[in-house]
Amino acid sequence: MEDQDLPPPDAAEETTQVDEEPTSIASRDDRLSQEIDRFISVLDADDQSDSSSPPEIVGAVQIFSDLLDFRVVEYESGSKQWTQLEEDECSSFVDTVNRTAKLLKSLSRFHSVEYYAALINRVSGIQQRAMSFMEVEFKSILDDYQTSYDRDHTNEIEEAKTKQLSSSPSNVQDASETDSPDQSESPPEKDEFLGYSDEMISKLNKLSKGLIAGGHETECTELYFFVRRNAMEQNLKLLQFEKFSIDEMQKMQWDPVEKEISEWLKMFKNFATSLLPSERRLVDAVFSENNTEISDNLFGNLARIVLFYLLTFAEAVMMTKRSAEKLFKFLDIYETLRESIPELEKLLSGDWLFQLKTAASLISNMLGEAIFNILGDLENSIQADTGKTQVPGGGVHPLTCYTMTYLKHACEYRDTLEQVFREHKKIDRPDSATGSDHDPDSDHDPGSQDQNFCFQAGPGSAFQLQLAKVMDLLDANLEVKSRLYKDPSLSLIFLMNNGRFILQQTKGTGEMRSLMGDPWVRKRSSDLRSYHTNYKRETWTKLLQCLSHEGLSVNGKVMKPVLKERFKSFNAMFDEIHRTQTTWVVSDDQLQSELRVSISAIVIPAYRSFMGRFSQVFTPGRQTEKYIKYQPEDIETCIEELFDGSANQPGKKR
């Protein structure tokens, strides 16, 4: 190579010191870039030829490398900060670095030529310093803005917590579990890029483009992954998420686990609908000038970290010992996965998507199986409730309260339970929990059999049939428990109380009413009317016989001794009914009122008629007071005292 072909050693220095207008500088840079591009084309073309000697190095290469060196020195000295550069200056520097990488690649074909080797070493050294500077700036921007975002995000979460606690000072737990405001929610749409401004996104994008073009893809992606991984882990800490192993979870009491699940539900939804989509937008924006495989892999690795923690927690919860109290939290987790996973699937592709689908499907299937079995356990628990203790006063049995409250809550998850039962329903067997395993103490009940057959044979979803089976089992159990009462009337009150409670709970829950259907409601109402009719017949028929006119007169003359016996019998029987049935319980106000009204409707007119016809037979005074103990008004007062669950004394005569 001839020396005159190279520019003077101070040419670059003179070039950088010339006070030119920005337009002339841009024009000069464009001309210089064009010369470098032409030289690269010459090198590439020469590589394809049979020439034995490489092309001469043009003077523009020296100027180009000197200018890059000058800019790198400026940045390294701190006299210029990347974050303070104008957009066109950032773009110019990245373009220069990219062009330098192409130049080095073309020069490297002639590395065995001495003067090429010297040039390659010099340009490579400048390029490496440029790469190091860009790596530092890339990490600095990621770190600085993430730190600022974390600080602001932490403050917002703390403010939300303070607001929740101050709004409900008497019930901290309730405040922490309310859905609004949600302490785990990120700030709204302003977090499209998780705290990074559009300007910073643009600078990060240019840096990533330069680093990858310069052969530093690994360093660039590792830096990005390191910073964003720490940010995600910080988010988990901010949201007070604590991951428990399966062994730890199995040793914990359910109450603390339940609270952790409540936090997990909010957190998973937050990550699925806010944080991870924002994370996807961020990585796509930073690496938009590159192959999508880079952003796909980066996001997949980042998402895997969070999803591993969150899905492992769900798996640990699901692996705890099955019990009825866990059903609703299991359902909450199941629904959260069902609703959130499709949103996450939109963000992933390839192997990452396959891994997510596989893990989520496994956990959902196991949760569904657990939910299905828990409701099966409810059948078993009803059948196993064979306690011989009577409910005082024939009130609503705890089994009825528990079962109906449980089913009422379960029906709030109707769509989910129908899905679970469709996927996990086993083939019914003749000896299943719904069919022929009756209590050995129970008698054959054709009505109960017909009711079961109606539900089993009729159309309906798998969950609808399951609900009907549980109702049938509860009915059968209550029928057995009603026989624990020696007094048939009290047995009927017990059936009325429990039947009324079941009906009201069903009618008061739209989902349960819809599932059970109008025919079931009409059948239940008919059963209650039958109990009511039978109760009146059992309790009050004998009393009304005392007020019969038959056998009191002979040849038109009232037999006074028989009349006295009738009044004595009525008084004794009514006293006993009042004494006993004031201690009985009818907790439903409407049912209590209906019973009292219907009793009054048959007793008071009969008593009033009997008194009006025969009271004058007695000698006024002591004899009348001795046998006519009650006035009609007293009877009415006493009837109004029935079913209060108290031991009131009979009302006083007027």
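## Ser381 and its surroundings

A residue counts as buried when its relative accessible area is under 20%, as exposed when that area is over 50%, and as partly exposed in between. In this predicted model, Ser381 has a relative accessibility of 37%, and therefore counts as partly exposed.

Ser381 belongs to helix α13, which covers residues 350-384. Although Thr403 is 22 residues away from Ser381 along the chain, the C-alpha atoms of these two residues are separated by 9.8 Å.

## Helix α12

Helix α12 is formed by residues 327-345, and its 19 residues reach 27 Å from the first C-alpha to the last, which is close to the 27 Å expected at 1.5 Å a residue. The helix does bend, by about 25° at Glu339, and within four residues of that position there follows a proline, Pro342.

As for its setting, α12 is mostly covered, since 14 of its 19 residues are buried.

## The nonpolar cores

The largest nonpolar core holds 155 residues, of which Phe93, Phe138, Tyr224, Phe287 and Tyr535 touch the most other members. Helix α10, residues 254-286, gives the most to this core, contributing 15 residues. Apart from this core lies another, made up of 18 residues that include Ile36, Ile40, Leu67 and Leu103.

Phe138 offers a closer view of the largest core, being among the residues that touch the most other members. When neighbours within four places in sequence are left aside, Phe138 is in contact with Leu204, Leu207, Ser208 and Leu211, with Cys220, Leu223 and Tyr224, and with Val286 and Phe287.

Technical notes: Residues numbered from 1 in each chain as written. Predicted model: local features only at pLDDT ≥ 70, side-chain atom pairs only at ≥ 80, totals over all residues. Heavy atoms only, no water. Core = buried A, V, L, I, M, F, W, Y, C linked by side-chain atoms within 4.5 Å. Buried < 20%, exposed > 50% of the residue type's maximum accessible area, 1.4 Å probe, protein only. Helix = DSSP H or I, 4+ residues; strand = E, 2+ residues; numbered from the N terminus. Contact = heavy atoms within 4.5 Å. Expected span 1.5 Å × (residues − 1). Bend = angle between axes of the 7 residues up to and from the residue.
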